[in-house]
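Student: I'd like to practise reading a structure with you, one feature at a time. Could we go through the one you have open?

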Amino acid sequence: CVVAYNYFEGNGVSGQDAFAGLPKRSVIYSNWIVNSNWGGITSGVATDVVISKNVIVNSSGSGISIDAGTLPSYRVIITNNVIIDTGNYGIRVGWSMNVPVYDVIIAGNVVKDTAGTGIVALYGRNIQIVNNRIENAGANGIAVRGFDHAVIIGNVVINPNNSSKTD
């Protein structure tokens, strides 16, 4: 599945999130998502998915969220996205130790003005969080919990716990 060069405003295609549900081997590329009534790009389960070069502005929920699925997610790449003004997290992967995520790369993203943590990774194995910029997160800039083998290098975090929004 390829979703590219679209403009979503409001509820987009899912009726709640701007774009929800990512089939295996999906590429979500160069989309604009504005004023989403909940999340920007969301999926419960994601395998062999690339989410790249999207712009997400004013999402009531998280900007990008791969969580709460019923099966583990594998090989998720989230790169070079711009996420501004979210009502929750900027980028979130993982939900519980019963449904982990494996082999995740979160790199080169810009996340600004989130109500919650800029980048959150919960439960899984092998994650790289590299060269991201997080500004004015309402909670932590980056939070990683329950991961085996995490690499966190070259990120810039400015003013964590300092958003005008509340978590």
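Student: Let me begin with strands E13 and E15: how many bridges pair them, and in which sense, parallel or antiparallel?

Tutor: A good place to start, and please keep in mind that this is a predicted model. The general idea is that strands of a sheet pair through backbone hydrogen bonds, either parallel or antiparallel. Here strand E13, residues 101-107, pairs with E15 over six bridges in the parallel sense. You can follow the register residue by residue: tyrosine 102 stands opposite arginine 125 in E15, and isoleucine 105 has glutamine 128 of E15 as its bridge partner.

Student: Which other strands pair with E15?

Tutor: Strand E12 (residues 91-93) pairs with E15 (residues 119-130) in the parallel sense, over three bridges. Valine 93 has alanine 121 as its bridge partner there. Ten bridges join E15 to strand E17 (residues 142-153), and these two also run parallel. In that pairing, valine 130 stands opposite isoleucine 153.

Student: And which strand does E10 pair with in the parallel sense over six bridges?

Tutor: That is E13. One register to look up is threonine 79, whose bridge partner in E13 is alanine 107.

Student: How do I read the order of strands in an open sheet, and what is the order here?

Tutor: Walk across the sheet from one edge to the other, and name each strand as you meet it. In this model seven strands form an open sheet in the order E2-E5-E8-E11-E14-E16-E18, with parallel pairing. The edge strands are E2 (7-9) and E18 (156-158), each of which pairs on one side only. From one strand to the next, the twist averages 5°. For a look inside this sheet, take E14 (residues 110-114) and E16 (residues 133-137): four bridges join them, and they run parallel. Lysine 112 stands opposite glutamate 135 in E16.

Student: Now the interior. Which residues touch the most other members of the largest nonpolar core?

Tutor: When reading a core, look for its best-connected members, then ask which elements supply them. This core has 27 residues, and the ones touching the most other members are Ile51, Ile64, Ile78, Ile91, Val93, Ile106 and Ile127. Two or more residues each come from strands E7 (47-52), E9 (64-66), E10 (73-79), E12, E13, E15 and E16. E15 gives the most, with four residues. As for E13, five of its seven residues are buried, so mostly covered is a fair description of that strand.

Student: Can we zoom in on isoleucine 78: is it buried or exposed?

Tutor: Isoleucine 78 is buried, because its relative accessible area is 0%. This residue lies in strand E10. Setting aside neighbours within four places in sequence, isoleucine 78 is in contact with Ile51, Ile64, Ile91, Val93, Ile105, Ile106, Ala107 and Asn109. Its C-alpha atom is separated by 5.8 Å from that of serine 52, although the two residues are 26 apart along the chain.

Student: What about aromatic residues: how many aromatic pairs does the structure hold?

Tutor: It holds two. To read such a pair, check the distance between ring centres and the angle between planes. Tyrosine 5 and tyrosine 29 are edge-to-face, at 5.8 Å centre to centre with 80° between the planes. Tyrosine 5 lies in the loop between E1 (2-4) and E2, and tyrosine 29 in strand E4 (residues 27-29), so the pair ties together parts 24 residues apart in sequence. Tyrosine 5 is exposed at 62% relative accessible area, whereas tyrosine 29 counts as partly exposed at 26%.

The rings of tyrosine 74 and tyrosine 102 have centres 5.0 Å apart and planes at 15°, so this pair is stacked. It ties together parts 28 residues apart in sequence, because tyrosine 74 lies in E10 and tyrosine 102 in E13. Tyrosine 74 is partly exposed at 32% relative accessibility, while tyrosine 102 counts as buried at 18%.

Student: One last residue: where is asparagine 54 found?

Tutor: Asparagine 54 is in the loop between E7 and strand E8 (55-59). At 0% relative accessibility, this asparagine counts as buried. Its side chain reaches the backbone oxygen of isoleucine 28 at 3.0 Å. Beyond residues up to four places away in sequence, asparagine 54 touches Ile28, Tyr29, Ser30, Asn31, Ile41, Asn80, Asn81 and Val82.

Conventions
Residues numbered from 1 in each chain as written. Predicted model: local features only at pLDDT ≥ 70, side-chain atom pairs only at ≥ 80, totals over all residues. Heavy atoms only, no water. Pairing = 2+ DSSP bridges. Axes fitted to C-alpha atoms, helices over the stretch in contact; angles between N-to-C directions. Core = buried A, V, L, I, M, F, W, Y, C linked by side-chain atoms within 4.5 Å. Buried < 20%, exposed > 50% of the residue type's maximum accessible area, 1.4 Å probe, protein only. Contact = heavy atoms within 4.5 Å. Phe/Tyr/Trp six-rings, centres within 6.5 Å; stacked < 30°, edge-to-face > 60°. Polar contact = N/O pair within 3.5 Å; in protein donor to acceptor, adjacent residues only side chain to side chain.
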